[in-house]
Amino acid sequence: LKRHTTYSNGSENTPYIHYFWQVLRSFNQEDRRAFVRFAWAQERLPADDQEFERTKTRMLIKPFAGLSDPDKSFPKADTCFFNLMLPEYTSPDILRERLLFAIHTDADSMDADEPEADASGVRNATQK
């Protein structure tokens, strides 16, 4: 994935981007799959460099301009384009905490076909 990542502001040596790769490397397989679902809404990455190139897949990391204190912000993803908006976290520990929260919270929200339950627990396909 790292070989197929571009950056809109910075490089892999920019501190918060360096922290990102450090944290992603530390993830177990379940967390890595959750990251791919969060950032790209897919179950897996292309199998090899040739598949990345054939499908023109790349991840774009760009800074996220949210709150004035980036350590209080969460990463966001533009899943259609495999873009990750990453706050400029000040430490790998904060990045890990925020990223894990983001990738494991409301992981099924992309599934618009899944009917929601009303207050009584009854599924209603017309609810949005």
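Student: Angles under 35 degrees count as roughly parallel, over 145 as roughly antiparallel, 65 to 115 as roughly perpendicular and the rest as oblique. Which of these fits α1 and α4?

Tutor: α1 and α4 are oblique to each other. They pack at an angle of about 60 degrees, with their axes 9 Å apart. Axes are lines fitted to C-alpha atoms, for helices over the stretch in contact, and angles run from 0 to 180 degrees between N-to-C directions. Helices are DSSP runs (H or I, at least four residues), numbered from the N terminus.

Student: What kind of model is this?

Tutor: A predicted one, where local features need pLDDT of at least 70, side-chain atom pairs count only at pLDDT 80 or more, and totals for chains, interfaces and linings use all residues. Residues are numbered from 1 along each chain as its sequence is written, and side-chain values use heavy atoms, leaving out hydrogens and water.

Student: Back to α1 and α4, then. Which residues meet there?

Tutor: From α1 (15–26), the residues are Tyr16, Tyr19, Phe20, Gln22, Val23 and Ser26. On the α4 side (residues 92–104), they meet Pro92, Leu95, Arg96 and Leu99. Contact means heavy atoms within 4.5 Å.

Student: How does that contact divide by residue type?

Tutor: Seven are nonpolar, two polar and one charged. Ala, Val, Leu, Ile, Met, Phe, Trp, Tyr, Cys and Pro count as nonpolar, Asp, Glu, Lys and Arg as charged, and the others, Gly among them, as polar.

Student: New topic: how do the axes of α2 and α4 cross?

Tutor: At roughly 70 degrees, and the axes come within 9 Å. That makes α2 roughly perpendicular to α4.

Student: Who touches whom in that pair?

Tutor: Glu30, Asp31, Ala34, Phe35 and Phe38 in α2 touch Leu99, Leu100, Ala102, Ile103 and His104 in α4. This contact has seven nonpolar residues, one polar and two charged.

Student: Is the crossing of α2 and α4 left-handed or right-handed?

Tutor: Left-handed for α2 passing α4, whereas α1 passes α4 in a right-handed crossing. Left-handed means the near helix is turned anticlockwise from the far one by less than a right angle, right-handed clockwise.

Definitions and conventions: Helices (H or I, at least four residues) and strands (E, at least two) are DSSP runs, numbered from the N terminus.
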